[in-house]
Amino acid sequence: MGALVSARHLERVHEMVQRATAESGAPVVGGAAVEVEPGGNYYPPTVFANVSGDSYISQEEVFGPVLAVTKFATEAEALQIANRIGYPLFMKPYDGGGWKGVSRIDDERSLRQRYEESGKLVMLLQQAVAPF
């Protein structure tokens with residue numbers, strides 16, 4: 001994992017992790033105190049699990065090695081998340097051994113179609129970065 005761009009950026013990531021910890025609970029991985037390493041501004045990879053969709057960490061872009069995970073089990077829950085994230089987004093089904101494919105989702109109809117096609121796989125919904 002590479003270094004963050006500056007000491008201020010490192011502080012900002014740590015502040016966001018601290019706020020998320022206060023709101024959503026301790027991360028399952030990472031979130032430790034920042035240690036200054038020679039040659040860069042490094043922050044440990046940090047993962048928050050079972051994060052509510054209205055939480056700060058699930059709605060703000062961290063621009064650092066921080067991941068907020070929200071579970072969904074039904075198409076209706078996937079649609080709620082997608083509508084919160086906004087379109088376009090990407091759906092990435094996972095079969096236990098790797099990503100099975102990536103689909104660009106432009107609207108609710110395409111989300112429903114891809115959800116049905118994926119079966120009962122674990123899926124990642126991710127906001128798209130334009131123009132990709």
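A visitor asks how the terms used for this structure are earned, and a guide answers.

Guide: This is a predicted model; local features need pLDDT of at least 70, side-chain atom pairs count only at pLDDT 80 or more, and totals for chains, interfaces and linings use all residues. Residues are numbered from 1 along each chain as its sequence is written, and side-chain values use heavy atoms, with hydrogens and water left out.

Visitor: What makes a stretch of the protein chain a helix or a strand?

Guide: Helices are DSSP runs of H or I with at least four residues, strands are runs of E with at least two, and both are numbered from the N terminus. The protein chain has four helices and five strands. Along the sequence they follow the pattern α-β-α-β-α-β-β-α-β.

Visitor: How do you know what span to expect of helix 1?

Guide: The expected span is 1.5 Å times one less than the number of residues. Helix 1 covers residues 7-24, which is 18 residues. The expected value is 26 Å, and helix 1 reaches 25 Å from its first C-alpha to its last. That is close to the expected value.

Visitor: Why is H9 called buried or exposed?

Guide: Buried means under 20% relative accessible area, exposed over 50%, and partly exposed in between, with a 1.4 Å probe and protein chains only. H9 has 18% relative accessibility, so H9 counts as buried. H9 sits in helix 1.

Visitor: Which other residues of helix 1 are buried?

Guide: Besides H9, the buried residues of helix 1 are L10, V13, H14, M16, V17 and A20.

Visitor: What makes you say where they lie on helix 1?

Guide: The arc is taken from the directions that run from the helix axis to the C-beta atoms. Seen down the axis of helix 1, the buried residues fall within an arc of 160 degrees, so they line one face of the helix. Their cover includes strand 1 (46-48), helix 2 (56-59) and strand 2 (66-68).

Visitor: What does H9 touch?

Guide: Contact means heavy atoms within 4.5 Å. Not counting residues up to four places away in sequence, H9 touches L4, V62 and F63.

Visitor: Why is F63 called buried or exposed?

Guide: F63 has a relative accessible area of 57%, so F63 is exposed. F63 lies in the loop between helix 2 and strand 2. Phi of F63 is near 55 degrees, a positive value in a residue other than glycine.

Visitor: And why is N50 called buried or exposed?

Guide: N50 has 54% relative accessibility, so N50 counts as exposed. N50 lies in the loop between strand 1 and helix 2. Phi of N50 is also positive, near 55 degrees.

Visitor: What makes a set of residues a nonpolar core?

Guide: A nonpolar core is a set of buried Ala, Val, Leu, Ile, Met, Phe, Trp, Tyr and Cys residues joined through side-chain atoms within 4.5 Å. The largest core has 13 residues. Those with the most contacts inside the core are V13, V17, Y43, F48, I57, V62 and V66. Helix 1 gives the most to this core, with five residues. A second, separate core has 12 residues, including F72, I81, I105 and L125.

Visitor: How do you know where the buried residues of helix 3 lie?

Guide: In helix 3, E75, A78, L79, I81 and A82 are buried. Seen down the axis of helix 3, they fall within an arc of 165 degrees, so they line one face of the helix. Strand 3 (89-94), helix 4 and strand 5 are among the elements covering them.

Visitor: What makes the peptide bond from Y87 to P88 cis or trans?

Guide: Omega is near 0 degrees, and the bond is cis. P88 is found in the loop between helix 3 and strand 3.

Visitor: Why is A128 called buried or exposed?

Guide: A128 has 14% relative accessibility, so A128 counts as buried. A128 is found in the segment after strand 5 (122-127). Leaving aside neighbours within four places in sequence, A128 is in contact with P88, L89 and F90.

Visitor: How much of the protein chain is buried?

Guide: Buried residues make up 33% of the 132 residues in the protein chain.
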